[in-house]
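Student: Could you walk me through one part of this model up close? I'd like to dig into a single interface rather than tour the whole thing.

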Amino acid sequence: MAQINQNFLELQGSYLFSEIAKRRTKFIQENPNAEIISLGIGDVTLGLPEAITKAMHSAVDELASPGSFRGYGPEQGYDFLVNAIIEGDYKSRGIDIQSNEVFVSDGSKCDVGNIQEIFSQDSIVAVQDPVYPVYVDTNVMAGRSGSFNKDKNQYENIVYLPSNAENNFKPSLPQSKADLIYLCYPNNPTGTTLTKDELKAWVDYAKANNSIILYDSAYEAFIREEDVPHSIYEIEGAKEVAIEFRSFSKTAGFTGVRCAYTVVPRELKGRDASGNEVLVNDLWNRRHTTKFNGVSYVTQRGAAAIYSPEGQAQIAELVDYYMTNAAIIRDGLKSLGLEVYGGVNAPYIWLKTPSGLDSWAFFDKLLSEANIVGTPGVGFGQSGQGYFRLTAFGSRENTEKAVERIRKLSL
Ligand code: PLP
């Protein structure tokens, strides 16, 4: 019998979403007529914008004819998409990114999960708490985590950086050394952001400590406020210390289409076992071209259409729709006296559970009394205990209905 990778046995069951599904199913069995509104999972609901589907249709037609057929493409992405990304997301903000620094992929989940492979086994990993679970679990699989401490609800060798109302959701810089620091802004699950100065403090820390920041910017399109950076490369010197991940999933309704990209600057260096400098870009290029065979031509044509004037106007409409939902939830809950965070530059609303209820007790109350499914904050980490996440990705009708139902609860 083959020996399995023992690290996988350190993983905790994917408790959060399976437990949510279990409780939801049980409630529906006992209350078959209840009309459940789901504001739990972070998936979009509106259709793809027309500029994108048009581009995808014509790409399909191209593939049908031998003269314009495409087989394997460049693993890093076609030039037409890479150039559109550079022009639309970076040059337009005064940031200089070269085409060999952009890697197109089929999703940020894979990229933020796979990136750790190119760093040494003994790297110390720091994450915000609460956190998008992929950062932690992929490092557990790689054997960097140590054992899971059930009492603390945390792994032994991971540095957790609490993010809560007490620190205004701005975690302190690590007190001990961290080699790899995962930052997610606008943040999932809390919906909060950093200002440019606050992000600069992380870049300065990374420079002083030879750390690398893994900056997940999947929700960049939802930024509304002026002083919130759209890219970590707006901070001077960040190219020497940061990798940036962007996704079209929430920006343009691509959760099912699948397309994202990662920027690995040529300035970013690590050290080998003998202390020599190594370009991280070269390693990621090697990894990406070995294990990944490129995003489909049709998908990349669709993604490039996001950057056309029509595409830009249409995705702005999508984002506006969700952000109006966010405002409805945020304002509605605030008017009830609830402590509410996020929802201004992100499609997530993070609320302090009322009456001292813990996250799961509030989940049960919301499900049984308002027939609404949300996500208990503790599922994202111990610092999420006593918080709850609602998403703005539902329909307008359901969003308004949900707020009305919450209004009728005794909180
Ligand atoms: N990063 C964060 C913070 C997310 O919340 C998500 C999806 O929910 C992803 C990455 C994954 O994005 P993708 O759909 O591109 O895999």
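Student: How many salt bridges are there between domain 1 and domain 2? Please take a close look at that interface and tell me what goes into it.

Tutor: Sure, and keep in mind that this is a predicted model. The count between domain 1 and domain 2 is 1 salt bridge. In it, the side chains of Asp320 and Arg224 meet at 2.6 Å, N to O. Polar contacts are another matter: the rule picks out 22 residue pairs across the interface, both partners at pLDDT 80 or more. If you look at what domain 1 brings to the side that touches domain 2, helix H10 (309-335) and strands S13 (340-342), S14 (348-352) and S17 (387-391) each supply at least two residues. H10 has the largest share of that side, with 10 residues. By residue type, this side of domain 1 splits into 19 nonpolar, 12 polar and 6 charged.

Now zoom out to the two partners. The domain assignment puts 6-47 together with 310-407 as domain 1, and takes 54-309 as domain 2. On the contact itself, 37 residues come from domain 1 and 48 residues from domain 2. Measuring over C-alpha atoms isn't needed by hand here: the computed separation of the domain centres is 25 Å. As for area, domain 1 and domain 2 bury about 3,400 Å² between them, and 57% of that lies on carbon and sulfur atoms. So much for the interface; to start exploring on screen, pull up Asp320 and Arg224, the salt-bridge pair.

Definitions and conventions
Residues numbered from 1 in each chain as written. Predicted model: local features only at pLDDT ≥ 70, side-chain atom pairs only at ≥ 80, totals over all residues. Heavy atoms only, no water. Domains from an automatic or database assignment. Contact = heavy atoms within 4.5 Å. Buried area = accessible area lost by both parts, 1.4 Å probe. Salt bridge = Lys/Arg side-chain N within 4 Å of Asp/Glu carboxyl O. Polar contact = N/O pair within 3.5 Å; in protein donor to acceptor, adjacent residues only side chain to side chain. Helix = DSSP H or I, 4+ residues; strand = E, 2+ residues; numbered from the N terminus. Nonpolar A, V, L, I, M, F, W, Y, C, P; charged D, E, K, R; others polar.
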